[in-house]
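Open the model in your viewer and set it to a cartoon with side chains available on demand. The stops below go from strand to strand and then out to a loop.

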Amino acid sequence: MADGLSVFLVEDEALIRMMMADMVEELGHHVVAEADNVRDASAFAMTAQYDFAILDINLMGVYVDPVADLIERRGKPFLFATGYGPELLPSLLRRRPILRKPIALDQLKTIIDSLFPDMPAKVPH
């Protein structure tokens, strides 16, 4: 995809979600769907057209693993962005990449590059 990847972003804190969306765009990708709760995220997980997803683990006190399960069923890659550790995840999801908050642009780029090794690299400006 010449324009970068399409991203489904799930984060309950609006400011963090906006910051993450800015980072995604700075890396040459674009956010195509956003959600701040498990109900909306579940709907988008099954219907939105995206290349990969970034999921906060805890959405207003509810764990995101049902959304991760739906994304996994579609065969889409995803990563977790969280201030928590992987011990909060069901064991089958612990093998997914985890981006620790506060998120650094270079860490996000490294994980995206590992998920899509054949994607041409774009240097952030």
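In which sense do strand S1 and S3 pair, and over how many bridges? Select residues 6-10 for strand S1 and residues 52-56 for strand S3. The two pair in the parallel sense, over four bridges. The model is a predicted one, so treat what you see on screen as computed. To find the register, show Val10 and look across to S3, where its bridge partner is Leu55.

**The other side of S1**

Keep S1 selected and add strand S2, residues 30-35. This pairing is also described as parallel, and it runs over five bridges. Val7 is a useful marker here, since it stands opposite Val31 in S2. Now add residues 14-26, which form helix H1. Together, S1, H1 and S2 make a right-handed β-α-β unit.

**Along S3**

Go back to S3 and add S6, which spans residues 78-82. S3 and S6 pair in the parallel sense over four bridges. Ala53 stands opposite Phe78 in S6.

Now turn on the side chains of S3. Phe52, Ile54 and Asp56 point one way from the strand, while Ala53 and Leu55 point the other way. Why is S3 described as largely enclosed by the rest of the structure? The reason is that five of its five residues are buried.

**Asp56**

Select Asp56, which lies in strand S3. UniProt, in an unreviewed entry, lists Asp56 under "modified residue: 4-aspartylphosphate". Its relative accessible area is 4%, so Asp56 falls under the 20% cut-off and counts as buried. Show what surrounds it: leaving aside neighbours within four places in sequence, Asp56 is in contact with Val10, Glu11, Asp12, Val64, Ala81, Thr82 and Lys101. Of these, Val10 has already appeared, as the bridge partner of Leu55.

**Arg96**

For the last stop, select Arg96, in the loop between strand S6 and strand S7 (98-100). Is Arg96 buried or exposed? At 18% relative accessibility it counts as buried, because the cut-off is under 20%. Next, display the side chain of Glu72: the side chain of Arg96 makes a polar contact with it at 2.7 Å. Beyond neighbours within four places in sequence, the contacts of Arg96 are Glu72, Lys76, Pro77, Phe78 and Phe80. Phe78 in that list is the residue that Ala53 stands opposite.

Definitions and conventions. Residues numbered from 1 in each chain as written. Predicted model: local features only at pLDDT ≥ 70, side-chain atom pairs only at ≥ 80, totals over all residues. Heavy atoms only, no water. Buried < 20%, exposed > 50% of the residue type's maximum accessible area, 1.4 Å probe, protein only. Polar contact = N/O pair within 3.5 Å; in protein donor to acceptor, adjacent residues only side chain to side chain. Contact = heavy atoms within 4.5 Å. UniProt positions renumbered as here; feature names shortened; annotations may be inferred. Pairing = 2+ DSSP bridges. Right-handed = clockwise from strand over helix to strand, strands pointing away.
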